[in-house]
Structure formats: structure tokens, C-alpha cells
Amino acid sequence: MSDVPQDRPGYNELCGYRMVDGSVDRYVFAGDAMVEEHLQVPSSRDPRGPARWVVGLSLDLRTARSALNVFRLGELHRGPVARALLPYALPMGLHGAYTAE
């Protein structure tokens, strides 16, 4: 686990645990980022197939702006392959997974 100051809320890293071999893949966000739970998402080419992406929000506590982060599943350590910075902060904890079934 990375060093987070005691006076700061939340976590600043994203971890994936591989149950097959017990390995951990990890990405540490820079600066004053606070990270939410990310979700595993399948490819748009095969929406019923296995997960290919890890998608979720982070909040920069210094600038009060949220970012949507997209990682390749199994390659968290390489950092996000795409990132969309929002001009505002979204409420933390606002996430979920919904299906029509």
C-alpha cells in the first residue's frame, strides 16, 4: 500500500488481485488523487464476453475535479490508457453496475 497522509481521506491506488496465482497488479495515482472502486467492463465488440477493461473515477483533492480512468485489465501498473478530466467533482461513492436482465 502506498503512503497516504493520515489527515487525508481515502486511497490513492488501484489494485487487482489475480486469484489464480495470488499476484497483485497495482497503479498508484499521483499527487492528491483519491480513488473510487473501479469496475471490470467487457469489450464493446463482445459485451457478454470476459472483462477487458477497468473503468472508474478518481478525484483530485487539490483541484476538486473528477477524472474517468480506463485501464486494460491485467495491466493496471502501466497506468490508464484513457482519461477524461471533468470540469467539476462528482460525489464519491456514486457508482454501480446495472443490467437489463
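Let's start at S66, a residue that sits in strand β6, which covers residues 65-72. The model you are looking at is a predicted one. S66 has a relative accessibility of 2%, and buried means under 20%, so S66 counts as buried.

What does the side chain of S66 reach? It comes to 2.8 Å from the backbone nitrogen of L90. L90 is also among the contacts of S66 once neighbours within four places in sequence are left aside. The others in that list are S58, L59, A84, L85, L86, Y88 and A89.

Now step back to the protein as a whole. It has seven strands and zero helices, so reading along the sequence gives the pattern β-β-β-β-β-β-β. Of the 101 residues in the protein, 26% are buried. Among contacts with a separation of 6 or more, 35% join residues 24 or more positions apart. On the outside, the accessible surface comes to about 7300 Å², and carbon and sulfur atoms account for 54% of that area.

Let's finish with the interior. In soluble globular proteins, nonpolar side chains tend to be buried together. Here, the largest nonpolar core is made of seven residues: L14, F29, A33, V35, V54, F71 and L76. F71 is a good one to follow with your eye. Not counting residues up to four places away in sequence, F71 touches L14, F29, V54 and L76, which are listed in that core as well. F71 also touches Y27, H38, R52, W53, G79, P80 and V81.

Conventions. Residues numbered from 1 in each chain as written. Predicted model: local features only at pLDDT ≥ 70, side-chain atom pairs only at ≥ 80, totals over all residues. Heavy atoms only, no water. Helix = DSSP H or I, 4+ residues; strand = E, 2+ residues; numbered from the N terminus. Buried < 20%, exposed > 50% of the residue type's maximum accessible area, 1.4 Å probe, protein only. Polar contact = N/O pair within 3.5 Å; in protein donor to acceptor, adjacent residues only side chain to side chain. Contact = heavy atoms within 4.5 Å. Core = buried A, V, L, I, M, F, W, Y, C linked by side-chain atoms within 4.5 Å. Areas by Shrake-Rupley, 256 points an atom, 1.4 Å probe, with all protein chains shown as cover.
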